[in-house]
Amino acid sequence: MMVLNQLHPRSTTLIRAPRGVGKSTLMLLMLRGVCGDDHVVVSGASEVKRGEVVGRLHIPSLEKEGIERVLWAAFTKSKGKGLDEVNRLNPYTTANIHHLMQFGEVWAYGNREKVEDYVLVANENPTDATSFVHPPPFYDRFDICIFLKSLTLSEKFQLQELLDKYDWNLVESMPQVLSFEQIEEARKEVAQVELDPTLIGNLNLLVRDFQACIREKEESEIKPPTLCEGCHFIRDICGAIREPLSERATVALMHLAKATKWLYGKCEPEDLFRIALWVLPHRLTLVRTRNILNDLQDLLERERIKTEDRNMRRQWPLLNELLKEFDRSIYKLARDAAVEDVAFAEELIKLEERWVREGPLKQDETLSTQMGWRLSIYRRPRPE
Amino acid sequence: MVSEKYRRFLESETHKNPLKIESSIKKEHLTISWANVKERPVQTGSSDIIDSIYLGKDMQETVIMDRRVAATLQDHLRELEEENTRIRRRIKIMKVLIGAFVVIVALMSLILLRINFPRIG
């Protein structure tokens, strides 16, 4: 998964693990393998100054010529960027890195520097007592989140063999597997990959099911589970999610689906569920979390069943027919499906509004009126 | 406005899981089947008509019944015809009775009117 994630521009990977499990080693192995020696690691465990991450003022230029020249930090120029113990980075450094990840540029002393394509790998131990609590939008900018666990008995033997083989220095022995130019070439090819419409549909549906809420939790001051009291969809996936996904999840899934197709020749809907497990955990907050990966796996299993149910009900073919023209018999079947599916209900309600305007349906006959569901004003289709 | 990719997604889903719509009676009342005609294009087997009648199972394209089933159906039809004749006879009797009752009520009303208002006659 970590290798697949390197196949799109400005890739970012977060590794989460308890202490001593090898998150820093994995980060360094990836950086060396892809960027060789052209990598810089900023560590949250040490004192990080702004000049080390972004840039510092060139004092002689200021003194002699009165010009504010900035010496950009090696971190901004290097192809490989590592962030060790990211949860211990101070909020100012985090803000600068956040800006770099967001806009692909850095600012210092009124000067702007465009940052070239890069590979960014970060790691953290979220349970560390000396953590800063970084804002969720910062974590949302990481494409995937990899979780590491302590080694099983047989894996410990494997590691010891590897350490013996490489003279107890895995990182130093790691060769550069690809040049950065080769990576850039691969990234261009991956960007050209065309995905099957069904796969794109499944991908968008997966994200929408983890976002949708008939009571608009995104804008609501009250959040689940309180918001869900008495809701028709209380047992659905939406009822288990407190803070929904952002659209960046769709982008990350799309990049990884393309990379999978490029590398393995195909990407099936089943692959999407596998990929989603690494794209979603750092992006959403669940109502109850015991073990984020297990909880997420349960939700993805429910999503899988939901997809099957949708196929059995022929929901999308029904919607396809209704998009062409209104028909009461098809509409009746679509309504039956919509009372079991928020994402489908949203699309049907949009069509209902059009039919009410055009005449074939009366307002009091609509699902939205009868169930008391309304789309936000900005989601309503504009009159043509 | 609907995105082209969204349309393509819906079209591909329709292609994979087609709806069977009876076009001959379109506009009047559509008959929609959720049967996957692609996966099961030709129904070569036969349906048990008894299962479809009593258990509500879907019938396939061809319905074949054996002699015993036909005899059972014939028997049921005969019973229904007999029941029909019997009910029709009852209805006829009931009609006569209702007619007689209406005549009696009318006569009684006339008699009561004459008793209460002798001047009218």
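Select first the hairpin of β6(A) and β7(A), which has two residues between its strands, and look at A:Tyr109, which takes a positive phi near 50°. Helices and strands here are DSSP runs (H or I over at least four residues for helices, E over at least two for strands), numbered from the N terminus.

This is a predicted model, in which local features need pLDDT of at least 70 and side-chain atom pairs count only at pLDDT 80 or more, whereas totals for chains, interfaces and linings use all residues. Residues are numbered from 1 along each chain as its sequence is written, while chains are lettered from A and ligands numbered from 1 in the order in which they are written.

Staying with the hairpin, extend the selection to residues 105-108 and 111-114 of chain A, strands β6 and β7, which pair in the antiparallel sense over four bridges; two strands are said to pair if DSSP finds at least two bridges between them. Across this ladder A:Trp107 stands opposite A:Arg112 in β7(A).

**The whole of chain A**

Zoom out to chain A, which has 17 helices and eleven strands and whose C-alpha trace spans about 75 × 60 × 40 Å along its principal axes. Of its 384 residues, 37% are buried, where buried stands for 20 or more other C-beta atoms within 10 Å of the residue's own, exposed for 12 or fewer and partly exposed for anything in between, with C-beta atoms placed from the backbone. Among the contacts of chain A with a separation of 6 or more, 72% join residues 24 or more positions apart; a contact requires that the two C-beta atoms, again placed from the backbone, lie within 7 Å.

**The parallel sheet**

Next select strands β2, β5, β8, β1 and β9 of chain A, which form an open sheet in the order β2-β5-β8-β1-β9 with parallel pairing. Its edge strands are β2 (39-43) and β9 (144-147), each of which pairs on one side only. Neighbouring strands are turned by 20° against each other on average, direction ignored; axes are lines fitted to C-alpha atoms, for helices over the stretch in contact, and angles run from 0 to 180 degrees between N-to-C directions.

Within the sheet, strand β5 (residues 80-84) and strand β8 (residues 119-124) of chain A pair in the parallel sense over four bridges, and A:Leu83 stands opposite A:Ala122 in β8(A). Add helix α1 (residues 23-35) of chain A, which packs on the sheet by touching β1 (11-16), β2, β5 and β8, its direction making about 175° with that of β8(A).

Which residues does A:Ile15 touch, not counting residues up to four places away in sequence? They are A:Lys23, A:Leu26, A:Met27, A:Asn123, A:Ile146 and A:Leu148. A:Ile15 lies in strand β1 of chain A and counts as buried because it has 26 C-beta neighbours inside 10 Å.

In helix α1 of chain A, pick A:Arg32, a residue that is buried with 22 other C-beta atoms within 10 Å. Leaving aside residues up to four places away in sequence, A:Arg32 touches A:His39, A:Val171, A:Met174 and A:Gln176.

**Two helix stops**

Move to α10(A), residues 197-209, whose 13 residues should span 18 Å at 1.5 Å a residue, in agreement with end C-alpha atoms 18 Å apart; the expected span is 1.5 Å times one less than the number of residues. Its buried residues include A:Leu199, A:Ile200, A:Leu203 and A:Asp209. What covers the buried residues of α10(A) includes α11 (248-264), α12 (269-279), α13 (292-313) and α16 (342-358) of chain A together with α1 of chain B.

From there, select helix α15 (residues 328-338) of chain A, which packs with α16(A) at an angle of about 140°, the axes being 8 Å apart. The two helices are therefore oblique to each other, since angles under 35 degrees count as roughly parallel, over 145 as roughly antiparallel, 65 to 115 as roughly perpendicular and the rest as oblique. The contact is made by A:Ala334, A:Ala337 and A:Ala338 of α15(A) and by A:Phe344, A:Ala345 and A:Leu348 of α16(A).

**Chain B and the interface**

Finally, show chain B, which follows the pattern α-β-β-α-α along its sequence and in which buried residues make up 3% of 121. In this chain 16 residues are in contact with 17 residues of chain A, and the largest share of that side of chain B, eight residues, comes from its helix α1 (residues 4-16).
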